[in-house]
Amino acid sequence: MARPGATSLTALPAHSAPGGIVVTVRAAPKARREGIEGIEARPRGAALKIAIATAPTEGRANKRLAEILANALDVAPSAVTIRTGAASRDKTVFVAGDAGHLLQTLGRLAQIGRAHV
């Protein structure tokens, strides 16, 4: 039995796609501490909340978001591509790699609550 408050893989804001996974992300720029803060419930569905210290200027926050997510999932930053929402806090991100492994790693990160880089 799962512990109360635990996130199951089915509750993750991610799904497998050809060649990797697609993750729904909510960016929090200008944060004091960077890292994955966990799953955030939103009216349109859950999102992986990622805190970024960088301001959203000239794509710097998107680049840093890709680095944080890549580091947390143990993939190269080049494996992370923002598909939609480059100018928004709400993004759809593709991560290339083994979908099963990536989803398991993401599930562990969501259970931990806050993974800092």
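## A walk from helix 2 to the sheet

Start by selecting Thr105, which lies in helix 2 (helices are DSSP runs of H or I with at least four residues, strands are E runs of at least two, both numbered from the N terminus). At 9% relative accessibility, Thr105 counts as buried (buried is under 20% relative accessible area, exposed over 50%, partly exposed in between, with a 1.4 Å probe and protein chains only). Leaving aside its neighbours within four places in sequence, Thr105 is in contact with Ala72 and Leu73; contact means heavy atoms within 4.5 Å.

Before going on, a word on the model. It is predicted, so local features need pLDDT of at least 70 and side-chain atom pairs count only at pLDDT 80 or more, while totals for chains, interfaces and linings use all residues. Residues are numbered from 1 along each chain as its sequence is written, and side-chain values use heavy atoms, with hydrogens and water left out.

Colour by pLDDT next (the predictor's confidence in each residue, from 0 to 100). The protein averages 86, and 86% of the residues score at least 70. Over residues 1–10 the pLDDT is below 50, and this stretch has nine contacts in the model beyond near neighbours in sequence. Where pLDDT is low, the predicted coordinates should not be read in detail.

Now pick helix 1, residues 60–73. Its 14 residues should span 20 Å at 1.5 Å a residue, and the end C-alpha atoms agree, being 20 Å apart (the expected span is 1.5 Å times one less than the number of residues). Among its buried residues are Asn62, Arg64 and Leu69. Just after the helix, click on Asp74, where phi is positive, near 60°.

Stay with Leu69: skipping neighbours within four places in sequence, it touches Ile36, Leu48, Ile50, Val80, Val93 and Val95.

Leu69 also takes you into the largest nonpolar core, which has 26 residues; Ile21, Val23, Ile50, Leu69, Val95 and Leu106 have the most contacts inside it. Such a core is a set of buried Ala, Val, Leu, Ile, Met, Phe, Trp, Tyr and Cys residues joined through side-chain atoms within 4.5 Å. Helix 1 gives the largest share, seven residues.

Last stop: strand 4, with four of its five residues buried. Strand 2 runs parallel to strand 4, joined by four bridges (strands pair if DSSP finds at least two bridges between them); look for Ala28 opposite Ala51. Strand 3 (residues 35–40) pairs with strand 4 in the antiparallel sense over five bridges, and Glu40 has Ala47 as its bridge partner. Six residues separate strand 3 and strand 4 in their hairpin, and Gly45 in the turn has a positive phi of about 125°.
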